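Reader: I've got this model open and would like a close look at one part of it, with the inside face of a single helix as the starting point. After that, just follow whatever seems worth a stop.

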Amino acid sequence: MSVDGQTVRLKDETGETDEPGWEVDPDDEWGVAVVATVGRQLRLRREAVAMRVADFAVAVGYGEDMVYKIESGRRIPRPEYLDRADEILGAGGLLSAMNEDVKRVQYPKKVREIAELEARAVEIQLYDPLSIHGLLQTPEYTRALLRMRRPAYTDDVVVRGVAARGARKSVFDRDPVPEISFVQDEWTLRRQLGGRAVLRQQLEHLLQMAQLRNVEFQVMPMDREEHAGVDGGIEVLKFPDGSAVGRSPALANGRAVTEPKHLRILELRYGIIRAQALTPRESAAFIEQLLGET
(Lines give C-alpha, C1' and ligand atoms only; values in the text may rest on other atoms or scores of the structure.)
Protein backbone atom coordinates (compact mmCIF):
# COMPACT_ATOMS: atom_id res chain seq x y z
CA MET A 1 0.00 0.00 0.00
CA SER A 2 1.11 3.61 -0.36
CA VAL A 3 1.52 6.03 2.56
CA ASP A 4 2.46 9.63 1.80
CA GLY A 5 3.80 8.57 -1.57
CA GLN A 6 6.06 5.90 -0.07
CA THR A 7 5.77 2.25 -0.99
CA VAL A 8 5.06 0.11 2.09
CA ARG A 9 5.16 -3.66 1.80
CA LEU A 10 2.57 -5.77 3.54
CA LYS A 11 3.69 -8.00 6.37
CA ASP A 12 3.21 -11.71 6.74
CA GLU A 13 1.67 -13.49 9.74
CA THR A 14 4.97 -13.51 11.62
CA GLY A 15 5.09 -9.72 11.51
CA GLU A 16 8.19 -9.77 9.30
CA THR A 17 8.39 -7.92 6.03
CA ASP A 18 8.26 -10.41 3.18
CA GLU A 19 7.69 -10.63 -0.54
CA PRO A 20 4.05 -11.13 -1.63
CA GLY A 21 4.41 -14.63 -3.03
CA TRP A 22 6.12 -17.98 -3.06
CA GLU A 23 8.55 -19.53 -5.49
CA VAL A 24 7.03 -21.82 -8.12
CA ASP A 25 8.22 -25.43 -8.03
CA PRO A 26 9.41 -26.10 -11.61
CA ASP A 27 8.66 -29.82 -11.19
CA ASP A 28 5.01 -29.08 -10.37
CA GLU A 29 3.63 -28.93 -13.92
CA TRP A 30 0.04 -28.29 -12.90
CA GLY A 31 1.09 -25.61 -10.43
CA VAL A 32 3.28 -23.90 -13.03
CA ALA A 33 0.35 -23.81 -15.47
CA VAL A 34 -2.04 -22.33 -12.91
CA VAL A 35 0.39 -19.63 -11.78
CA ALA A 36 1.21 -18.73 -15.40
CA THR A 37 -2.50 -18.32 -16.15
CA VAL A 38 -3.07 -16.15 -13.08
CA GLY A 39 -0.07 -13.99 -13.96
CA ARG A 40 -1.28 -13.54 -17.53
CA GLN A 41 -4.73 -12.47 -16.35
CA LEU A 42 -3.17 -9.91 -13.99
CA ARG A 43 -1.08 -8.47 -16.81
CA LEU A 44 -3.99 -8.32 -19.27
CA ARG A 45 -6.22 -6.62 -16.70
CA ARG A 46 -3.51 -4.07 -15.89
CA GLU A 47 -2.88 -3.35 -19.58
CA ALA A 48 -6.62 -3.05 -20.21
CA VAL A 49 -6.74 0.00 -17.94
CA ALA A 50 -3.51 1.37 -19.44
CA MET A 51 -1.63 1.23 -16.13
CA ARG A 52 2.15 1.06 -16.20
CA VAL A 53 3.99 -1.50 -14.07
CA ALA A 54 5.69 1.29 -12.10
CA ASP A 55 2.36 2.91 -11.20
CA PHE A 56 0.74 -0.41 -10.35
CA ALA A 57 3.70 -1.39 -8.16
CA VAL A 58 3.29 1.79 -6.10
CA ALA A 59 -0.47 1.28 -5.81
CA VAL A 60 -0.26 -2.38 -4.82
CA GLY A 61 2.60 -1.74 -2.40
CA TYR A 62 5.41 -3.84 -3.88
CA GLY A 63 8.45 -3.42 -6.10
CA GLU A 64 8.32 -3.47 -9.89
CA ASP A 65 10.48 -6.58 -9.99
CA MET A 66 7.95 -8.51 -7.95
CA VAL A 67 5.09 -7.38 -10.20
CA TYR A 68 7.02 -8.63 -13.24
CA LYS A 69 7.72 -11.97 -11.54
CA ILE A 70 4.06 -12.52 -10.66
CA GLU A 71 2.80 -11.48 -14.09
CA SER A 72 5.34 -13.76 -15.79
CA GLY A 73 4.30 -16.73 -13.63
CA ARG A 74 7.54 -16.95 -11.65
CA ARG A 75 5.99 -16.22 -8.26
CA ILE A 76 2.77 -17.40 -6.63
CA PRO A 77 0.79 -14.33 -5.49
CA ARG A 78 -0.63 -14.29 -1.99
CA PRO A 79 -4.34 -13.63 -1.38
CA GLU A 80 -3.81 -10.04 -0.25
CA TYR A 81 -1.96 -9.28 -3.49
CA LEU A 82 -4.83 -10.50 -5.66
CA ASP A 83 -7.41 -8.71 -3.51
CA ARG A 84 -5.49 -5.45 -3.73
CA ALA A 85 -4.99 -5.85 -7.49
CA ASP A 86 -8.71 -6.50 -7.94
CA GLU A 87 -9.50 -3.25 -6.15
CA ILE A 88 -6.89 -1.17 -8.00
CA LEU A 89 -7.79 -2.50 -11.46
CA GLY A 90 -11.55 -2.46 -10.91
CA ALA A 91 -11.89 -6.15 -11.73
CA GLY A 92 -15.17 -6.53 -9.87
CA GLY A 93 -14.04 -9.59 -7.93
CA LEU A 94 -12.65 -11.54 -10.90
CA LEU A 95 -9.04 -11.32 -9.72
CA SER A 96 -9.95 -12.07 -6.10
CA ALA A 97 -11.82 -15.14 -7.32
CA MET A 98 -8.55 -16.56 -8.63
CA ASN A 99 -7.50 -17.04 -5.00
CA GLU A 100 -9.39 -20.33 -5.13
CA ASP A 101 -7.12 -21.57 -7.93
CA VAL A 102 -3.98 -20.21 -6.32
CA LYS A 103 -4.89 -21.80 -2.98
CA ARG A 104 -4.59 -25.23 -4.59
CA VAL A 105 -1.02 -24.68 -5.76
CA GLN A 106 0.48 -22.38 -3.15
CA TYR A 107 1.76 -25.34 -1.16
CA PRO A 108 4.46 -27.79 -2.34
CA LYS A 109 3.27 -30.65 -4.51
CA LYS A 110 4.16 -33.25 -1.87
CA VAL A 111 2.09 -31.43 0.76
CA ARG A 112 -0.88 -31.19 -1.60
CA GLU A 113 -0.71 -34.90 -2.33
CA ILE A 114 -0.71 -35.74 1.39
CA ALA A 115 -3.60 -33.34 2.03
CA GLU A 116 -5.62 -34.88 -0.83
CA LEU A 117 -5.17 -38.36 0.66
CA GLU A 118 -6.15 -37.12 4.12
CA ALA A 119 -9.22 -35.45 2.63
CA ARG A 120 -10.44 -38.83 1.30
CA ALA A 121 -9.50 -41.03 4.24
CA VAL A 122 -12.10 -42.46 6.62
CA GLU A 123 -9.47 -43.66 9.09
CA ILE A 124 -5.99 -42.28 9.80
CA GLN A 125 -3.37 -43.91 12.04
CA LEU A 126 -0.30 -41.83 12.93
CA TYR A 127 2.78 -42.46 15.06
CA ASP A 128 5.49 -39.79 15.19
CA PRO A 129 8.63 -40.44 17.29
CA LEU A 130 10.51 -37.26 16.29
CA SER A 131 8.22 -34.32 16.98
CA ILE A 132 4.56 -33.56 17.57
CA HIS A 133 2.70 -34.59 14.44
CA GLY A 134 1.98 -31.82 11.92
CA LEU A 135 -1.80 -32.22 12.22
CA LEU A 136 -1.51 -31.48 15.93
CA GLN A 137 0.97 -28.61 15.81
CA THR A 138 0.16 -25.02 16.72
CA PRO A 139 1.45 -22.40 14.22
CA GLU A 140 4.00 -21.26 16.82
CA TYR A 141 5.36 -24.78 17.29
CA THR A 142 5.54 -25.34 13.53
CA ARG A 143 7.34 -22.05 13.03
CA ALA A 144 9.86 -22.85 15.76
CA LEU A 145 10.44 -26.32 14.30
CA LEU A 146 11.04 -25.02 10.78
CA ARG A 147 13.41 -22.31 11.99
CA MET A 148 15.62 -25.00 13.55
CA ARG A 149 16.28 -26.79 10.24
CA ARG A 150 19.86 -26.78 8.99
CA PRO A 151 20.83 -25.62 6.46
CA ALA A 152 18.53 -22.83 7.57
CA TYR A 153 15.30 -22.25 5.67
CA THR A 154 14.61 -18.79 4.29
CA ASP A 155 11.82 -16.78 5.93
CA ASP A 156 9.77 -17.37 2.79
CA VAL A 157 10.04 -21.15 3.14
CA VAL A 158 9.17 -20.97 6.85
CA VAL A 159 6.04 -18.89 6.21
CA ARG A 160 4.99 -21.23 3.43
CA GLY A 161 5.58 -24.27 5.62
CA VAL A 162 3.48 -22.88 8.46
CA ALA A 163 0.65 -22.10 6.05
CA ALA A 164 0.85 -25.54 4.44
CA ARG A 165 0.58 -27.41 7.73
CA GLY A 166 -2.26 -25.17 8.80
CA ALA A 167 -4.15 -25.94 5.59
CA ARG A 168 -3.93 -29.69 6.23
CA LYS A 169 -5.90 -29.26 9.44
CA SER A 170 -9.06 -28.87 7.38
CA VAL A 171 -9.26 -32.67 7.78
CA PHE A 172 -10.78 -32.00 11.23
CA ASP A 173 -13.58 -29.91 9.68
CA ARG A 174 -14.82 -32.55 7.25
CA ASP A 175 -18.31 -33.99 7.40
CA PRO A 176 -18.24 -36.84 8.08
CA VAL A 177 -14.95 -36.57 9.94
CA PRO A 178 -12.41 -39.41 9.73
CA GLU A 179 -11.40 -41.47 12.73
CA ILE A 180 -7.89 -40.35 13.64
CA SER A 181 -5.48 -42.06 16.02
CA PHE A 182 -2.25 -40.43 17.23
CA VAL A 183 0.58 -41.91 19.28
CA GLN A 184 3.37 -39.60 20.46
CA ASP A 185 6.56 -40.50 22.28
CA GLU A 186 6.80 -38.83 25.67
CA TRP A 187 10.02 -37.01 24.85
CA THR A 188 8.32 -35.11 22.00
CA LEU A 189 5.98 -33.63 24.61
CA ARG A 190 8.77 -32.66 27.01
CA ARG A 191 11.32 -31.06 24.72
CA GLN A 192 10.83 -27.29 24.82
CA LEU A 193 11.24 -26.60 21.12
CA GLY A 194 10.68 -22.88 20.66
CA GLY A 195 10.73 -22.23 24.40
CA ARG A 196 8.59 -22.92 27.44
CA ALA A 197 5.69 -20.70 26.34
CA VAL A 198 5.47 -22.38 22.91
CA LEU A 199 5.49 -25.84 24.49
CA ARG A 200 2.85 -24.92 27.05
CA GLN A 201 0.55 -23.58 24.33
CA GLN A 202 1.18 -26.75 22.33
CA LEU A 203 0.29 -29.02 25.25
CA GLU A 204 -2.91 -27.08 25.87
CA HIS A 205 -3.78 -27.52 22.21
CA LEU A 206 -3.17 -31.28 22.45
CA LEU A 207 -5.65 -31.51 25.30
CA GLN A 208 -8.25 -29.73 23.19
CA MET A 209 -7.65 -32.00 20.21
CA ALA A 210 -7.80 -35.10 22.38
CA GLN A 211 -11.34 -34.14 23.40
CA LEU A 212 -12.64 -34.40 19.83
CA ARG A 213 -14.93 -37.40 19.45
CA ASN A 214 -13.14 -38.67 16.35
CA VAL A 215 -9.64 -38.36 17.82
CA GLU A 216 -7.78 -40.91 19.94
CA PHE A 217 -4.55 -39.51 21.40
CA GLN A 218 -2.04 -41.70 23.25
CA VAL A 219 1.38 -41.17 24.79
CA MET A 220 4.18 -43.73 24.66
CA PRO A 221 6.03 -43.34 28.00
CA MET A 222 9.82 -43.30 28.07
CA ASP A 223 9.91 -45.91 30.84
CA ARG A 224 8.53 -48.67 28.61
CA GLU A 225 10.98 -51.57 28.35
CA GLU A 226 9.38 -52.73 25.09
CA HIS A 227 8.56 -50.43 22.18
CA ALA A 228 7.36 -51.61 18.76
CA GLY A 229 8.04 -48.19 17.25
CA VAL A 230 11.85 -48.25 17.35
CA ASP A 231 11.97 -48.51 13.55
CA GLY A 232 10.43 -45.07 13.06
CA GLY A 233 7.16 -43.32 12.36
CA ILE A 234 4.06 -44.91 10.88
CA GLU A 235 1.27 -43.48 8.77
CA VAL A 236 -1.72 -45.48 7.52
CA LEU A 237 -4.72 -44.01 5.70
CA LYS A 238 -7.81 -46.05 4.88
CA PHE A 239 -10.40 -45.07 2.27
CA PRO A 240 -14.14 -45.70 1.79
CA ASP A 241 -13.59 -48.36 -0.91
CA GLY A 242 -11.51 -50.48 1.46
CA SER A 243 -8.16 -49.54 -0.04
CA ALA A 244 -5.34 -48.07 2.03
CA VAL A 245 -1.93 -46.47 1.78
CA GLY A 246 0.87 -46.55 4.34
CA ARG A 247 4.32 -45.17 4.93
CA SER A 248 7.21 -45.82 7.31
CA PRO A 249 10.96 -45.15 6.98
CA ALA A 250 11.64 -48.77 7.91
CA LEU A 251 9.51 -50.22 5.10
CA ALA A 252 10.11 -49.98 1.33
CA ASN A 253 12.68 -47.21 1.86
CA GLY A 254 9.99 -44.90 3.18
CA ARG A 255 7.93 -44.82 -0.02
CA ALA A 256 4.14 -45.03 0.08
CA VAL A 257 2.89 -48.65 -0.05
CA THR A 258 -0.48 -50.13 -0.95
CA GLU A 259 0.39 -53.83 -1.06
CA PRO A 260 -1.59 -55.90 1.52
CA LYS A 261 1.56 -57.57 2.90
CA HIS A 262 3.19 -54.19 3.60
CA LEU A 263 0.03 -52.70 5.07
CA ARG A 264 -0.35 -55.73 7.34
CA ILE A 265 3.14 -55.13 8.75
CA LEU A 266 2.41 -51.45 9.40
CA GLU A 267 -0.92 -52.16 11.06
CA LEU A 268 0.64 -54.91 13.18
CA ARG A 269 3.33 -52.53 14.42
CA TYR A 270 0.86 -49.73 15.00
CA GLY A 271 -1.50 -52.00 16.93
CA ILE A 272 1.29 -53.12 19.24
CA ILE A 273 2.45 -49.52 19.74
CA ARG A 274 -1.07 -48.50 20.79
CA ALA A 275 -1.28 -51.45 23.18
CA GLN A 276 2.06 -50.49 24.76
CA ALA A 277 1.15 -46.80 25.11
CA LEU A 278 -0.95 -45.13 27.79
CA THR A 279 -4.71 -45.21 27.23
CA PRO A 280 -6.35 -42.02 25.91
CA ARG A 281 -7.62 -41.17 29.40
CA GLU A 282 -4.20 -41.82 30.96
CA SER A 283 -2.58 -39.79 28.19
CA ALA A 284 -4.80 -36.76 28.87
CA ALA A 285 -3.91 -36.96 32.56
CA PHE A 286 -0.24 -37.23 31.63
CA ILE A 287 -0.41 -34.04 29.53
CA GLU A 288 -2.14 -32.21 32.37
CA GLN A 289 0.72 -33.33 34.62
CA LEU A 290 3.25 -31.99 32.10
CA LEU A 291 1.40 -28.67 31.99
CA GLY A 292 1.78 -28.43 35.74
CA GLU A 293 5.53 -28.94 35.35
CA THR A 294 5.96 -26.54 32.42
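Author: What follows is a look at helix 3, and then a walk through some charged pairs and backbone details.

A bit of housekeeping: this is a predicted model, in which local features need pLDDT of at least 70 and side-chain atom pairs count only at pLDDT 80 or more, while totals for chains, interfaces and linings use all residues. Numbering runs from 1 along each chain as its sequence is written, and side-chain values use heavy atoms, with hydrogens and water left out.

For the setting, the chain has 13 helices and nine strands; these are DSSP runs numbered from the N terminus, H or I with at least four residues for a helix and E with at least two for a strand. The C-alpha trace spans about 70 × 45 × 35 Å along its principal axes. Of the 294 residues, 45% are buried, where buried means under 20% relative accessible area, exposed means over 50%, and partly exposed is in between (1.4 Å probe, protein chains only). Counting contacts with a separation of 6 or more, 71% are between residues 24 or more positions apart; a contact means heavy atoms within 4.5 Å.

Now to your helix. Helix 3 covers residues 64-71, and its buried residues are Met66, Val67, Ile70 and Glu71. They all sit on the same side of helix 3 because they cover an arc of only 130° around the axis, taken from the directions from the helix axis to the C-beta atoms. What lies over that buried set? The cover includes helix 1 (29-48), helix 2 (53-60), strand 4 (75-77) and helix 4 (79-89). Past the end of helix 3 comes glycine 73, with a positive phi near 80°.

Helix 2, part of that cover, leads us to charges. Side chains of opposite charge can pair when their charged atoms come close. The rule here is a side-chain nitrogen of Lys or Arg within 4 Å of a carboxyl oxygen of Asp or Glu, and it gives 17 salt bridges. One of them links aspartate 55 to arginine 52 at 3.2 Å, N to O. Aspartate 55 is partly exposed at 37% relative accessible area, and arginine 52 is exposed at 54%.

Further along, arginine 190 and glutamate 186 meet at 2.6 Å, N to O. These two are four residues apart in helix 10 (residues 186-190), so about one helical turn separates them. Which of the pair is buried? Glutamate 186 is, at 7% relative accessibility, whereas arginine 190 is partly exposed at 33%.

Helix 11 (residues 196-210) has a similar story, with glutamate 204 and arginine 200 four residues and about one helical turn apart. Their closest N and O atoms are 3.7 Å apart in a salt bridge. Glutamate 204 is partly exposed at 35%, as is arginine 200 at 33%. Elsewhere, Arg75, Arg78 and Asp156 are joined into one network by salt bridges that share partners.

Glutamate 118, in helix 7 (residues 109-120), is buried at 1% relative accessible area. Leaving aside residues up to four places away in sequence, its neighbours in contact include Leu135, Arg168, Arg174 and Glu235.

Last, the backbone. Most residues other than glycine have a negative phi, and most peptide bonds are trans. Two spots here are cis: arginine 150 to proline 151, with omega about 0°, and aspartate 175 to proline 176, with omega near 5°. Proline 151 lies in the loop between helix 8 (139-147) and helix 9, and proline 176 in the loop between helix 9 and strand 6. As for phi, alanine 50 is positive at about 55°; this residue sits in the loop between helix 1 and helix 2 and is exposed at 68%. Alanine 252 has a positive phi of about 55° too, in the loop between strand 9 (244-247) and helix 12 (260-276), but is partly exposed at 22%.
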